[in-house]
Amino acid sequence: MAAVSYVDATCTYAGNSTPSVDRLNLEIEDGEFMVLVGPSGSGKSTALRMLAGLEEVTSGQITIGGRDVSSTPPKDRDIAMVFQNYALYPHMSVAENMGFALKLKGIPKEERNRKVADVAKILGLEDYLARKPKALSGGQRQRVAMGRAIVREPSVFLMDEPLSNLDAKLRVETRANVAALQARLGTTTVYVTHDQVEAMTMGHRVAVLRDGKLQQVDTPRNLYDRPDNAFVAGFIGSPAMNLQRAKLVSGGAQFGDAIIPLDPKVMEAASSANVSEVTLGLRPESFTVGGDGPVVSFTAALVEELGADAYVYATLPGQDALVDKKLVVRFDGRVPPSINDSLKMHVLVNEAHVFHPETGARLG
């Protein structure tokens with residue numbers, strides 16, 4: 001096991017003037033499960049490939065266990081990678097696929113077979129060791145790919161969207177298995193995904209990237225409760241946080257037909273930034289039927305019933321249902337409203353987030 005550090009690590013592809021990863025500084029603790037998340041083109045996979053040695057570190061450095069590996073060949077970095085497409089050898093059995101790296105290292109056959117059998121037991125692959133990959137399901141192939149990485153006993157596991165080829169139900173089941181397996185092995189793991197739900201449910205900490213730059217790194221709970229900027233606020237959480245421009249008025253921000261009181265520190269920060277409006281963020285669960293917060297009116301434009309919960313896509317007074325961005329509000333799924341219903345709900349003021357309207361930075 002080993003800690004990993006990115007120190008001003010930059011990767012600029014030939015012919016590009018804009019770095020794909022721009023001065024990344026990130027500390028990953030020994031034994032930590034770190035998730036890199038972001039939209040397509042954010043640089044998360046490039047950052048992982050830099051750690052693996054598959055992409056050049058243009059400037060800065062990457063260390064594993066305190067050793068600078070920026071120019072070290074991949075085979076000498078003591079890492080094991082699990083790819084999105086499994087990358088199994090079709091002509092080899094499951095056992096041969098899992099033990100191939102050990103064979104290349106010259107590990108005796110008896111010891112090799114023992115290691116493969118031990119890992120197969122952990123992954124529930126004991127009955128499939130003689131099969132070829134084509135005789136396995138997608139989930140089983142992914143477990144074989146993970147088994148191949150585990151038998152090597154590396155210092156760091158690298159996983160590049162390993163669950164994206166699985167169907168929705170199997171993905172949920174497998175991500176729980178991966179998280180439990182990492183906790184059992186205690187191996188430092190860097191996991192890349194574009195799926196923020198996957199990131200929130202698996203990682204000890206999550207690093208959010210955008211356009212090659214690190215936006216925020218924190219625990220899933222802290223990312224959700226106190227995002228550093230509007231991008232993180234809108235990216236983390238499902239459904240996403242409602243982000244709406246709101247004019248500043250005496251004592252708060254105008255939100256539809258309600259005034260949302262803002263903390264004096266937020267008002268002071270907005271005044272210092274010389275802005276007359278802010279980006280106001282409210283999560284779907286920040287609205288309640290009862291309570292003592294300000295009351296906002298809206299009209300239900302669409303209702304999604306999901307069993308225990310229902311999500312209402314609504315418009316504020318004066319908004320056009322076909323043009324303006326809709327407000328998402330969570331309701332009890334057993335008593336959902338109907339389309340075109342006029343509704344009034346209290347806003348949980350202490351759950352409001354306020355951001356600079358141009359830079360997106362958190363105010364206050």
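In what order do the six strands of the open sheet lie? I looked this up first and found β6-β7-β8-β3-β9-β10, with mixed pairing. Strands count as DSSP E runs of at least two residues and helices as H or I runs of at least four, numbered from the N terminus; two strands pair if DSSP finds at least two bridges between them.

A note to self on the source: this is a predicted model, where local features need pLDDT of at least 70, side-chain atom pairs count only at pLDDT 80 or more, and totals for chains, interfaces and linings use all residues. Residues are numbered from 1 along each chain as its sequence is written, and side-chain values use heavy atoms, without hydrogens and water.

Next I checked the sheet's edges: β6 (79-82) and β10 (213-218) each pair on one side only. From one strand to the next, the twist averages 20 degrees (axes are lines fitted to C-alpha atoms, for helices over the stretch in contact; angles run from 0 to 180 degrees between N-to-C directions).

I then followed β7 (156-160), which pairs with β8 (188-193) in the parallel sense over five bridges. M159 has Y191 of β8 as its bridge partner. Helix α5 (168-185) packs on the sheet and touches β3 (33-37), β7 and β8, contact meaning heavy atoms within 4.5 Å. The direction of α5 makes about 140 degrees with that of β3.

Last, I turned to helix α1 (44-52). Seven of its nine residues are buried, so α1 is largely enclosed by the rest of the structure. Buried means under 20% relative accessible area, with a 1.4 Å probe and protein chains only. Among the buried ones I noted K44, L48 and M50. Just after α1, G53 has a positive phi of about 90 degrees.

Notes. Buried < 20%, exposed > 50% of the residue type's maximum accessible area, 1.4 Å probe, protein only.
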